[in-house]
2 protein chains.
Amino acid sequence: MNLRGLQMQEIIMNPIGYVKNDVQTKKDVSWGNEVSTILLNEEYHTGCTGLENFSHAMIIYYLDKAAFQKDQHLQRRPQNREDMPLVGIFSQRGKDRPNRIGIMTVQILSVDDTSLTVKGLDAIDNTAVLDIKPYYPVYDRKDAHVPEWVDRLMEHYF
Amino acid sequence: MNLRGLQMQEIIMNPIGYVKNDVQTKKDVSWGNEVSTILLNEEYHTGCTGLENFSHAMIIYYLDKAAFQKDQHLQRRPQNREDMPLVGIFSQRGKDRPNRIGIMTVQILSVDDTSLTVKGLDAIDNTAVLDIKPYYPVYDRKDAHVPEWVDRLMEHYF
């Protein structure tokens, strides 16, 4: 498959596994202590071999309950809070976004051939997982600054 | 759309824009100084408003030239180097992976209504972009450790 120059090409993905945890409904805060197990689909068993030697992994998952509506979401206030600025969907981490991709870096608790158990994943039970990547500080850890609203927004997230 | 319990549900995505840079072929090293402009598809113009107040963004893109073949890639040595351990595809950042999702955190150089210009993106010219997220240290910056092979692997990446 090659997308070169095909501006509206559809991209088809399949889950590699599913999240299992005790969170049944969406929430905007207090994810820090949630323990989740990602059950790998059978074809991907042993795909996490070696991840036990990393402290953190990035979980890429599909926000199937989210829905991007251009008029509501192309620009919005994070968490629809009046004390937040009106910013573009690509300038915030809101869930109602194009392609509904969620990404979280989480602590690895345990790994085996069929599953990965992590702490702090902000996904509800049965969420489809699209990819798992080891966290490389050289890629992922940046001397970054953010606008002041982000600190206020994330105050109670974990 | 709801995936709950549908183990093999297909997920359909569309590019939000495309990478424009001077890199025409894949490479495994020396991405650190590449400047890329992401041209947003028209329906997503103004979606990066406010990103100019962040230093870094995560670019989520589609590795359309990659191909996952279970027998070759479910477990492999990173960059096929003999001095690298045999690890699962979800324990490395290799491109030939299920769902072909690439993620890189990059420095933001400039933002306007139609495009985002960044430094250090490891994607070639015309790569489809699936999402852009602001880099939140509280989400993305971890006190992480990695196995010693990662430092050897990434020595010349940037």
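This is a short tour of a predicted model, from a barrel in chain B to the interface between chains A and B.

**Stop 1: the barrel.** Select chain B and show it as a cartoon. Here 6 strands close into a barrel. Follow them in the order β2-β3-β8-β7-β4-β9. The pairing is antiparallel. On average, neighbouring strands of this sheet are turned by 45° against each other, direction ignored.

**Stop 2: the β2/β9 pair.** Select residues 17-20 of chain B for strand β2, and residues 128-134 of chain B for strand β9. These two strands pair in the antiparallel sense over 2 bridges. Strands of a sheet pair through backbone hydrogen bonds, so switch on the backbone atoms. Which residue in β9(B) is the bridge partner of Y18(B)? Pick A128(B).

**Stop 3: the cysteines.** Select C48(A) and then C48(B). Are they buried or exposed? C48(A) is buried, at a relative accessible area of 1%. C48(B) is buried as well, at 0% relative accessibility. Both values fall under the 20% cut-off for buried. Over all chains, the structure holds 0 disulfides.

**Stop 4: the interface.** Show chains A and B together. Select the contact residues: 87 residues of chain A touch 87 residues of chain B. The two chains bury about 8,400 Å² between them. Of that area, 56% is on carbon and sulfur atoms.

**Stop 5: a salt bridge.** How many salt bridges cross the interface of chain A and chain B? The rule finds 2. For a salt bridge to inspect, select R97(B) and D131(A). Their closest N and O atoms are 2.8 Å apart.

Note on methods. Residues numbered from 1 in each chain as written. Chains lettered and ligands numbered in written order. Predicted model: local features only at pLDDT ≥ 70, side-chain atom pairs only at ≥ 80, totals over all residues. Heavy atoms only, no water. Pairing = 2+ DSSP bridges. Helix = DSSP H or I, 4+ residues; strand = E, 2+ residues; numbered from the N terminus. Axes fitted to C-alpha atoms, helices over the stretch in contact; angles between N-to-C directions. Disulfide = S-S within 2.5 Å. Buried < 20%, exposed > 50% of the residue type's maximum accessible area, 1.4 Å probe, protein only. Contact = heavy atoms within 4.5 Å. Buried area = accessible area lost by both parts, 1.4 Å probe. Salt bridge = Lys/Arg side-chain N within 4 Å of Asp/Glu carboxyl O.
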